[in-house]
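Reader: I would like a close look at a single part of this model, the cluster of aromatic rings, together with what lies around it. Please take me through it with the cut-offs stated as you go.

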Amino acid sequence: MKRTYIPLALLLTLLTACTNGWTRSEKELINSAAYSRMRVTKVDNTADSLLLRTSSTPLTHRDIHAPEFGRLVASMIETVCDPENSGVGIAAPQVGILRRVVVVQRMDKEGTPFEIYVNPEIISYGADVAMGSEGCLSVPNLRGEVRRATSIVLRWRDPVDFSAREEHIEGFTAVIFQHEIDHLDGIIYTDRATTLSQE
Ligand code: ZN
């Protein structure tokens, strides 16, 4: 059998890819924020709106153990807690990162903590739906009425050990998850709203 040689440049590329799955531009954006607030992408900015309409990529076990992951989620929490423009949830595309991670304020838990959800997906919707008012950090000065399921079953990966998790979630928190997971698929609540009004 003939021996095959891997060219050095290819070997270095493969080694780099194995050490960290974050792209250079993702690293630059995350590291420039360095645990502090990031600029929120907005639908009225052309480049931002194209990004907000793009589907995000799942995170791997390796991605969450790279330093960029901790910096990104810390910055997302800082951004959603900005007193000038605070929210109850934020998805990574809203800070310019096309990765499947969201931060959601658990209105159904004591102390209403912000929690991190990696690769979240809704695996089933309850039969009941209700209309509710929504706004979005990426859509300035607008609110809309949106019909959403009042309960969901959520599946995600634990941000510490990447284990698979599942939970039945109800009420306004279930609505926040539906809104934020839509962002990971390039969907904005205005697509689903029956009425929109200036805030
Ligand atoms: Zn939003």
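Author: Ring pairs link Tyr 117, Trp 156 and Phe 177 into a cluster, where rings of Phe, Tyr and Trp (its six-membered ring) pair if their centres lie within 6.5 Å, with planes under 30 degrees apart counting as stacked, over 60 as edge-to-face and the rest as tilted. The model is predicted, so local features need a pLDDT of at least 70 and side-chain atom pairs count only at pLDDT 80 or more, while totals for chains, interfaces and linings use all residues. Residues are numbered from 1 along each chain as its sequence is written, and side-chain values use heavy atoms, with hydrogens and water left out.

By the ring rule, the count comes to 2 aromatic pairs. In one of them, Tyr 117 and Trp 156 meet edge-to-face, at 5.0 Å centre to centre and with 70° between the planes. Tyr 117 belongs to strand β3 (residues 114-125) and Trp 156 to strand β6 (residues 151-157), so this pair ties together parts that are 39 residues apart in sequence; helices (H or I, at least four residues) and strands (E, at least two) are DSSP runs, numbered from the N terminus. Tyr 117 is buried, with a relative accessible area of 2%, and Trp 156 is likewise buried, at 7%, where buried means under 20% relative accessible area, exposed over 50% and partly exposed in between (1.4 Å probe, protein chains only).

The rings of Tyr 117 and Phe 177 have their centres 4.8 Å apart and their planes at 85°, so this pair too is edge-to-face. Because Tyr 117 lies in strand β3 and Phe 177 in helix α6 (residues 171-184), the pair ties together parts that are 60 residues apart in sequence. Phe 177 is buried, with a relative accessible area of 0%.

Helix α6 also contributes to the metal site. The zinc ion is coordinated by Cys 136 (SG), His 179 (NE2) and His 183 (NE2), at 2.1 to 2.2 Å; donors are N, O and S atoms within 2.8 Å of the metal (3.2 Å for Na, K and Ca), and sites may look incomplete because water is not among the atoms. Along the chain, the donors of the zinc ion follow the spacing C-x42-H-x3-H. Cys 136 lies in strand β4 (residues 129-136) and His 179 in helix α6, so these two donors tie together parts that are 43 residues apart in sequence, and both Cys 136 and His 179 are buried.

Strand β3, which holds the tyrosine of the cluster, also holds Asn 119. At 16% relative accessibility, Asn 119 counts as buried, and its side chain reaches the backbone nitrogen of Leu 59 at 2.8 Å, a polar contact being a pair of N or O atoms within 3.5 Å in which, within protein, one must be able to donate a hydrogen and the other to accept it, and residues adjacent in sequence count only if both atoms are side-chain atoms. Not counting residues up to four places away in sequence, Asn 119 touches Pro 58, Leu 59, Arg 100, Arg 155, Trp 156, Arg 157 and Phe 162, where contact means heavy atoms within 4.5 Å. Trp 156 of the cluster is therefore one of the residues that Asn 119 touches.Phe 114 is found in strand β3 as well, and at 24% relative accessibility it counts as partly exposed. Leaving aside its neighbours within four places in sequence, Phe 114 is in contact with Val 80, Cys 81, Gly 87, Val 88, Val 103, Val 104 and Gln 105. The C-alpha atoms of Phe 114 and Cys 81, 33 residues apart along the chain, are separated by 9.3 Å.

As for the setting of the cluster, the secondary structure of the protein chain comes to 7 helices and 8 strands. Of its 199 residues, 40% count as buried, and residues 24 or more positions apart account for 66% of the contacts with a separation of 6 or more.
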